[in-house]
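Reader: Please take a close look at the pockets and cavities of this protein. I want to know what lines them and where the ligand sits.

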Amino acid sequence: MSFHNEVVYQIYPKSFQDTNGDGWGDLAGITQRLDYLRDLGVRYLWITPFYPSPQRDNGYDVADYCAIDPRYGTMDDFDTLVCEARARGIGLMLDMVFNHTSTAHAWFQRALAGDKHYQDYYIFRDGGKGAPITNWQSKFGGTAWEYVPGLDKSYLHLFDVTQADLNWENPAVREELKNVLRFWKARGVEGFRFDVVNLISKGAFEDDATGDGRKYYTDGPHVHEYLQELVHDAGIDGMVTVGEMSSTSIANCIRYSNPAEHELAMTFSFHHLKVDYKDGDKWSLMMPDFHKLKQLFADWQEQMTAGGGWNALFWCNHDQPRIVSRFGDDKKYWKESAKMLAAAIHFLRGTPYIYQGEELGMTNAGFTNIDEYRDVESINYYKILRAAGHSEAETLQIIGERSRDNSRTPMQWTAGENAGFTTGTPWLAVNATHTSINAEREANDPGSIHAFYKELVRLRKELPVIADGSIAFLERENDDVLAYERTLDGKTLRVLCNLRGTETKTATPLADYRKTTPGTLLGNYPEEPRDTLRPYECLVLTN
Ligand code: GLC
Ligand code: CA
């Protein structure tokens with residue numbers, strides 16, 4: 001498959017490059033930076049939503065699926081981007097937010113005005129005044145139902161109150177969404193990313209006695225049927241597609257991504273990014289549990305492979321804190337740990353995704369005041385945590401580690417004013433680290449994190465064992481070292497990653513690994529390997 005040996009780069013356009021000084025990144029900004037992306041070697045760009053939107057959830061509240069928000073530019077800018085990208089061998093993947101629309105969408109507005117046809121586009125239930133229809137919680141905090149007095153009905157919103165869930169049981173809704181895909185495909189888009197697409201099929205509307213309601217709509221009763229129908233009718237089977245799967249299971253992801261099912265090309269799952277959630281709660285801090293992390297990687301890699309599924313490989317996106325600050329060390333071992341974390345996932349089976357700035361080792365935002373945050377989830381949880389009795393300092397510490405704004409600070413192009421992102425006032429503050437962490441400095445430094453990512457992208461194209469080799473996990477009982485072996489036609493790669501900031505021994509001596517894989521393909525220390533792994537050291541050995 002063409003996407004097995006390629007890498008996808010994710011762009012959050014609002015924070016990528018501004019060209020007109022309004023402090024917002026725009027489509028022309030992406031076009032301006034295409035050479036940088038070509039030099040990195042990435043094949044596809046996943047661009048998060050730039051459609052007209054009230055921006056309550058930064059564009060994931062879509063008001064019109066087939067237009068461009070003027071703050072991002074025009075349809076001409078979009079066509080130029082497609083064309084210029086293609087000239088550099090790059091294809092675009094657009095973000096399809098099909099679980100919900102903004103309440104500003106014309107469909108919802110007609111529903112609100114009393115139009116029954118459009119009310120059936122959403123999930124309205126009679127009543128709900130004072131007592132929500134079910135006890136389900138919104139992913140952004142609070143009840144998932146909003147009562148509309150004028151209609152004496154409530155609508156479901158699994159996310160913000162301005163993001164109303166669509167009713168996929170209605171065939172008219174499914175037809176509308178197919179048309180959206182046809183529209184963008186005809187404009188030259190090569191693939192799609194589907195937002196929280198495993199939540200589209202709702203089961204019973206019942207109170208959840210033990211949880212927040214997710215068991216009733218996650219990987220719901222008709223989700224596979226709906227996806228098959230969508231993909232078939234819109235003519236996107238075989239395109240590069242990825243579904244964002246919230247709290248999913250391996251068995252479902254096999255079905256979503258096995259080509260024989262004609263659903264999607266691959267899936268994002270998030271279990272590996274919850275190993276530092278205490279009792280599964282994002283807002284309770286804990287040191288990462290690397291034992292669990294290793295187990296999850298092994299389970300997903302082995303079982304997805306056995307079932308013919310395909311993983312999207314990633315640490316970072318616009319919803320996750322920066323990985324070097326999270327599982328690495330963004331100070332003393334900044335460079336080493338960023339490179340090790342990159343190697344840890346780029347050699348797995350699946351298609352790697354690089355989130356803008358990850359290739360520079362960008363770090364968490366470092367905000368110290370709630371006024372610096374913009375994300376609706378951070379602001380809601382600030383209030384929830386304060387009301388639950390956490391002190392201001394504790395609350396800011398939690399938000400500081402978990403906020404989605406950590407990844408949304410502007411791309412760091414230069415050491416200059418506003419990191420070269422804008423000549424105006426950025427919509428979200430630029431990270432103070434830009435004076436030392438920036439593309440200008442790293443792109444010309446052969447020892448940089450950027451150079452390391454570039455090498456990872458290149459190796460995946462060069463060595464079929466990375467795309468198609470089998471995988472077996474090593475050092476299974478050793479919590480400090482993530483290690484695995486890839487094999488194809490007599491070629492073997494062994495990937496050894498020290499997850500800790502201290503020197504550590506492998507269970508099988510390195511000398512033994514070297515007997516059958518004597519060559520060093522890649523490492524993150526300039527000096528020769530030793531017989532122990534140095535802090536955050538990664539080594540890729542080959543025969
Ligand atoms: C996905 C997006 C996230 C958004 C949510 C609701 O998780 O990645 O940014 O808030 O869906 O659309
Ligand atoms: Ca702009």
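Author: Start with the lining of the largest pocket. By class, 15 of its residues are charged, 12 are polar and 11 are nonpolar. Bear in mind that the model is predicted.

The largest pocket encloses about 910 Å³ of space. Its lining counts 38 residues, and Lys139, Arg214, Lys274, Lys282 and Glu377 lie closest to the centre. Three elements give two or more residues to this lining: strand E13 (281-285), helix H9 (290-306) and helix H12 (376-387). Strand E13 gives the most, with three residues.

Where does ligand 1 sit? The space it takes is this largest pocket. Around ligand 1 there are 14 residues, and the nearest are Asp57, His100, Asp195, His318 and Asp319. By class, the shell around ligand 1 has seven charged, three polar and four nonpolar residues.

Now the polar contacts of ligand 1. Take aspartate 57 first. An N or O atom of its side chain is 2.5 Å from an oxygen atom of ligand 1. Next comes histidine 318. Here an N or O atom of the side chain is 2.8 Å from a ligand 1 oxygen. Then there is glutamate 244. Its side chain has an N or O atom 2.9 Å from an oxygen atom of ligand 1. How much of ligand 1 does the protein bury? Taken alone, ligand 1 exposes 310 Å², and the protein buries 96% of that. Aspartate 57 and histidine 318 thus appear twice in this picture. They are among the residues that come nearest to ligand 1. Each also has a side-chain N or O atom beside a ligand oxygen, at 2.5 Å for aspartate 57 and at 2.8 Å for histidine 318.

Turn to the second largest pocket. Its volume is about 670 Å³. The lining consists of 33 residues, and those closest to the centre are Ser325, Arg326, Gly328, Asp330 and Glu401. Helix H10 (323-326) and helix H13 (392-402) each supply at least two lining residues. Helix H13 provides the largest share, five residues. The class counts for this lining are 15 nonpolar, 11 polar and seven charged. For the largest pocket, the counts were 11 nonpolar, 12 polar and 15 charged.

The cavities come next. How many reach 30 Å³ or more? The structure holds three of them. The largest cavity has about 160 Å³ of space. It is lined by 14 residues, and Ser269, His272, Phe297, Asn311 and Ala312 lie nearest its centre. Helix H9 and strand E14 (312-313) are the elements that give two or more residues to this lining. Helix H9 gives the most, with four. Helix H9 is also one of the elements that give two or more residues to the lining of the largest pocket. As for class, the lining of the largest cavity holds eight nonpolar residues, six polar and no charged.

The second largest cavity has a volume of about 50 Å³. Which residues line it? They are Cys316, Arg322, Ile323, Val324, Ala338, Glu358, Gly361, Met362 and Tyr453. Six of them are nonpolar, one is polar and two are charged.

To recap the ligand site: ligand 1 takes the space of the largest pocket. The protein buries 96% of the 310 Å² that ligand 1 exposes when taken alone.

Methods
Residues are numbered from 1 along each chain as its sequence is written. Chains are lettered from A and ligands numbered from 1 in the order in which they are written. This is a predicted model: local features need pLDDT of at least 70, side-chain atom pairs count only at pLDDT 80 or more; totals for chains, interfaces and linings use all residues. Side-chain values use heavy atoms; hydrogens and water are left out. A residue is near a molecule or strand if one of its heavy atoms lies within 4 Å of it. A polar contact is a pair of N or O atoms within 3.5 Å; within protein, one must be able to donate a hydrogen and the other to accept it, and residues adjacent in sequence count only if both atoms are side-chain atoms. Accessible areas come from the Shrake-Rupley method with a 1.4 Å probe; for residues, only the protein chains shown count as cover. On a 1 Å grid over the protein atoms alone, a cavity is a set of points where a 1.4 Å probe fits but cannot get out, and a pocket is an open set with protein on both sides within 12 Å along at least five of seven lines; lining residues have an atom within 4 Å of a point. A molecule sits in a cavity or pocket if more than half of its atoms lie within 2 Å of its grid points. Ala, Val, Leu, Ile, Met, Phe, Trp, Tyr, Cys and Pro count as nonpolar, Asp, Glu, Lys and Arg as charged, and the others, Gly among them, as polar. Grid points are joined across faces, edges and corners, and a volume is the space filled by probe spheres set on the points.
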